[in-house]
Amino acid sequence: MTQHTASASGNPFARSHDFNLPAPERAGPDSVREALKRAFAPAFIEDEELDALAQIAARHSFAAKVPILRLNRHAGAAWLLAHGQASIGYWDEQQTWHQTRTVRSGAWLDVCSAWLRGPYLESAVAATDAVVYEFPATRVEDVCTQHPRLYRLILASMAERVKHETQAKRDLASKDVLGRLAGWILSSASPSPEGPHVVLAQRKNLLASELSTSPETLSRSLARLRTLGCIATRGYRIDILDEQRLRETARNMESLS
């Protein structure tokens, strides 16, 4: 298996000027089908539609901290994260990485840029070891011509991305850091026998960047949520103890703004 690997650096996501992807691997159709089902959920996708998309997918493996997509590079494909986590954002002029959102397995890294016939709108870096499926835009169009309902599913995925961007901007304007953090924990939590929880795959300064705050303010906000009895923290794991109170905290910060 070919895996893109990271170079050593003190920067958590150091920018590499060498950005040439090796030849992709052949994607196993069953794995692609499962990833597509999760990406398009809750919409139903027909077996014939799954098979057609699976046939054009290329598989890429990335080690943690390796760039997957680069802002302003030509966007020729849609990209689906099958395993792992990815950090979406950009490098500033000092080559410091600024995270704007986190993508988890079963979600599109970028399903929009290729249709604009221009560059990628954001950069993406593997936050953990990751497996990503590439769907060349021209071949997706051919598949959609044969299966027109796929156009609607892809449009729904793009609309969902716009919805999340709009909500993020609204939260930034209407909520303080505590409210934004409470909302982020709720939206990022995964169920488990021990209760819903979040495992941070990156350093806390990247989450602070995503929430448009400082690492110090993020730490104080986490401490406040612990004091309120909403969460407990163990290293990079956040356990939700009182989901209702956490939701009230997120809502109250909005209503008080």
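Start with the whole chain shown as a surface: about 13,100 Å² is exposed, and carbon and sulfur atoms supply 52% of that area. Keep in mind that you are looking at a predicted model.

Now switch to a cartoon view. You should find eight helices and 13 strands. Of the 257 residues in the chain, 46% count as buried, so let's go inside, by definition of "buried" to residues under 20% relative accessible area.

**First stop: the largest core.** Select Val-32, Leu-36, Phe-40, Leu-53, Trp-108 and Phe-135. They are the residues with the most contacts inside the largest nonpolar core, which has 29 residues. Next, colour the elements that give two or more residues to this core: α1 (29-40), α2 (47-54), β5 (77-83), β10 (130-136), α3 (137-146) and α4 (149-174). Among these, α1 gives the most, with five residues.

**Zoom in on Phe-135.** Which residues does Phe-135 touch, leaving aside those up to four places away in sequence? Its partners include Val-32, Leu-36, Leu-53, Ala-77, Trp-108 and Val-140.

**Second stop: another core.** Apart from the core you just visited lies another one, of 21 residues. To find this second core, select Ile-185, Val-198, Leu-211 and Leu-228, which are among its members.

**Last stop: an open sheet.** Here four strands are arranged in the order β4-β9-β6-β7, with antiparallel pairing. Select β4 (67-69) and β7 (97-104) to see the edge strands, each pairing on one side only. On average, neighbouring strands in this sheet are turned by 35° against each other, direction ignored. Finally, look between β4 and β9 (residues 123-126), where two bridges join the strands. Click on Pro-67 and then on Val-125, its bridge partner in β9.

Notes. Residues are numbered from 1 along each chain as its sequence is written. This is a predicted model: local features need pLDDT of at least 70, side-chain atom pairs count only at pLDDT 80 or more; totals for chains, interfaces and linings use all residues. Side-chain values use heavy atoms; hydrogens and water are left out. Buried means under 20% relative accessible area, exposed over 50%, partly exposed in between (1.4 Å probe, protein chains only). Accessible areas come from the Shrake-Rupley method with a 1.4 Å probe; for residues, only the protein chains shown count as cover. A nonpolar core is a set of buried Ala, Val, Leu, Ile, Met, Phe, Trp, Tyr and Cys residues joined through side-chain atoms within 4.5 Å. Contact means heavy atoms within 4.5 Å. Two strands pair if DSSP finds at least two bridges between them. Axes are lines fitted to C-alpha atoms, for helices over the stretch in contact, and angles run from 0 to 180 degrees between N-to-C directions.
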